[in-house]
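Please look through the sequence and the structure shown here before reading on. The paragraphs that follow begin with one pair of helices and then widen the view to their surroundings.

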Amino acid sequence: MFFFYEKRESGDIDSSKGGITWGGPTVPAVTQLRQMLRRALRGGGAPPVIFVEAFAGCGRVAAAARRRGWRTVQLELKQGIDLTDPHVLSLLEGWISSGVICALVLAPPCSSWSVARRGHPRSPGGPPRTPQHLWGLPGLPPKDAAKVRVGNATMKAAVRLLQKCAVHKVPVVFENPIGSRCFQLPALRRLLSAPFAVPITCDFCRFGTRWRKRTRLLFLHVPRAALDKLDMRWTGRSGLCSVTGKPHIILQSCDSSGIPWTQRAEAYPKRLARAMASALSSAVDEMHLQRLHTLSQ
Ligand SMILES: [Zn+2]
């Protein structure tokens, strides 16, 4: 193990609570999380385990998993669940090791990890991280330093949950854009080369968007055969999208209603969310069958 909760500073990270302040009501997150589990498990029919989407945004993968009959829990800061809160994190680790969580989706915020920001390091708008300073350059302007602190805390939480799933053989997918520096982190590089890891690169446009948004999905404990539908990249030449025949929308500036394109492109295309839920779902089924087979021997 190489990191996790470094000393927090004041500002965007609330050191008294041990998490990120987000401007909403102060919620006893662990209590809320336990209530979410009880509510999810009360539903009839499905096996008493939960499919969890963490850093869920609008929760499209969880929605697709529900349609496949799973009970789901969506964890999202805007709904009061701060995954960087150490109490929340250790509760979730317990759910992973005890088998309550059957599958997990992890999509930690990527903006501070992007290689898209060019310019002079430490200048406003310049890159906040370099290959030598993956956890953030020293001496950043205050606004960038704050973004890096949040990016670090959420990434550390995601990697810790990913490692827990690796150990306990829980099917999991970790997602970040292809240009995210997080994939250079030693912990993620180790997981990328693990025998039970399958990294997949896919383009959102192959799942119905006008933007390409090339993305990396790192699956652990999911059979390769379950991932064929996800391994889809733009193959066009001449700069036109091979799916729509039109130029890709470049995710810069805003659309006609003033919404930044990066924000419009945040959610997974529904078809991609369905394919992710389907892959994790078959991995869970497969594991269940293997367990039954072992028991019958
Ligand atoms: Zn395309």
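**Two helices and what surrounds them**

In this predicted model, H2 and H7 are oblique to each other. The reason lies in the angle at which helix H2 (residues 60-67) and helix H7 (residues 270-296) pack, which is about 55 degrees, with 8 Å between their axes; this value is oblique because it falls between the angles under 35 degrees that count as roughly parallel and the range of 65 to 115 that counts as roughly perpendicular. The crossing in which H2 passes H7 is right-handed. On the side of H2, the contact is made by Arg60, Val61, Ala64 and Ala65, and on the side of H7 by Lys270, Ala273, Arg274, Met276, Ala277 and Ser281. Sorted by class, the residues in this contact are six nonpolar, one polar and three charged.

Which residues of H2 are buried? They are Arg60, Val61, Ala62, Ala64 and Ala65, and the elements that cover them include H7 together with strand S3 (50-54), S4 and strand S5 (101-106). Just after H2 comes Gly69, which takes a positive phi of about 95 degrees.

From H7, Met276 leads the reader further inward. Apart from residues up to four places away in sequence, Met276 touches Val61, Val105, Val173 and Leu230, and Met276 is also, with Leu104 and Leu106, among the residues that have the most contacts inside the largest nonpolar core, a set of 75 residues. In soluble globular proteins, nonpolar side chains tend to be buried together.

Strand S4 (residues 71-75), one of the elements covering H2, contains Leu75. Is Leu75 buried or exposed? With 25 other C-beta atoms within 10 Å, Leu75 is buried, because 20 or more such atoms are enough for a residue to count as buried. Once its neighbours within four places in sequence are left aside, Leu75 is in contact with Val52, Ala54, Ala56, Ile81 and Leu83. Leu75 also lies 6.2 Å from Glu53, C-alpha to C-alpha, although 22 residues separate the two in sequence.

Seen as a whole, the protein has a secondary structure of seven helices and eight strands. Of its 297 residues, 39% are buried, and among the contacts with a separation of 6 or more, 68% are between residues 24 or more positions apart.

How values were computed:
Residues are numbered from 1 along each chain as its sequence is written. This is a predicted model: local features need pLDDT of at least 70, side-chain atom pairs count only at pLDDT 80 or more; totals for chains, interfaces and linings use all residues. Axes are lines fitted to C-alpha atoms, for helices over the stretch in contact, and angles run from 0 to 180 degrees between N-to-C directions. Helices (H or I, at least four residues) and strands (E, at least two) are DSSP runs, numbered from the N terminus. Angles under 35 degrees count as roughly parallel, over 145 as roughly antiparallel, 65 to 115 as roughly perpendicular and the rest as oblique. A crossing is left-handed if the near helix is turned anticlockwise from the far one by less than a right angle, and right-handed if clockwise. Two residues are in contact if their C-beta atoms, placed from the backbone, lie within 7 Å. Ala, Val, Leu, Ile, Met, Phe, Trp, Tyr, Cys and Pro count as nonpolar, Asp, Glu, Lys and Arg as charged, and the others, Gly among them, as polar. A nonpolar core is a set of buried Ala, Val, Leu, Ile, Met, Phe, Trp, Tyr and Cys residues joined through C-beta atoms within 7 Å. A residue is buried if 20 or more other C-beta atoms lie within 10 Å of its own, exposed if 12 or fewer, and partly exposed in between; C-beta atoms are placed from the backbone.
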